[in-house]
Amino acid sequence: MRALVMFRFLRIALLGLIVWAQAGTLAHAAEHGFEEHDHDGIVCALDALAIHQDQILPPEPVQLDLPPQTTFLPLALPETPAWNWPLQRAPPARAPPCMDR
């Protein structure tokens, strides 16, 4: 029971942390807008991600070497079928017991 309460608390705490971070980011964006700014001489990371995103060079696509093509040989089918009819008859079918007696 105690583990369930702790799990619920951690889940609510994680959700609260995500909401708090989003609210802080929105408040920072509302305060400074889209103009370039810094914090104590350090360029704002949110500003660098939001404004200068068009200047970021995307990574080069990775070229993968394809494996050599393999050829598949057709399977040799057996001469006799895998399933044969039974050699003798099955026993006669049985009916359910009679309920009249």
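1. The pLDDT is the predictor's own confidence in each residue, on a scale from 0 to 100. The structure shown here is a predicted model, and its chain averages a pLDDT of 77, with 75% of the residues scoring at least 70. That confidence varies along the chain: among its elements, helix α1 has the highest mean pLDDT, at 89, while helix α2, residues 45-51, has the lowest, at 59.

2. As for the overall layout, the chain has two helices and two strands, which follow one another from the N terminus in the order α-β-β-α. Of its 101 residues, 5% count as buried, and the chain exposes about 11,100 Å², of which carbon and sulfur atoms supply 66%.

3. Helix α1 takes in residues 2-32, 31 residues in total, and its span from first C-alpha to last is 45 Å, close to the 45 Å expected at 1.5 Å a residue. Just after α1 comes G33, whose phi is positive, at about 65°.

4. A nonpolar patch on the surface is formed by L14, L17, I18 and W20, which together have about 470 Å² of accessible area. One of these residues, I18, has its place in helix α1. Is I18 buried, partly exposed or exposed? With a relative accessibility of 46%, I18 counts as partly exposed, because that class lies between the limit of 20% for buried residues and that of 50% for exposed ones.

5. The loop between β1 (38-39) and β2 (42-43) holds D40, a residue other than glycine that nevertheless has a positive phi, near 55°. This deserves a reader's attention, because most residues other than glycine have a negative phi. The side of the question that concerns surroundings is simpler: D40 has a relative accessible area of 82% and is therefore exposed, the cut-off for that class being over 50%.

Definitions and conventions:
Residues are numbered from 1 along each chain as its sequence is written. This is a predicted model: local features need pLDDT of at least 70, side-chain atom pairs count only at pLDDT 80 or more; totals for chains, interfaces and linings use all residues. Side-chain values use heavy atoms; hydrogens and water are left out. Helices (H or I, at least four residues) and strands (E, at least two) are DSSP runs, numbered from the N terminus. Buried means under 20% relative accessible area, exposed over 50%, partly exposed in between (1.4 Å probe, protein chains only). Accessible areas come from the Shrake-Rupley method with a 1.4 Å probe; for residues, only the protein chains shown count as cover. The expected span of a helix is 1.5 Å times one less than its number of residues. Patches are made of residues with over 30% relative accessible area and no salt bridge: like charges are joined within 9 Å, nonpolar side chains (Val, Leu, Ile, Met, Phe, Trp, Tyr) within 5 Å. A salt bridge is a side-chain nitrogen of Lys or Arg within 4 Å of a carboxyl oxygen of Asp or Glu.
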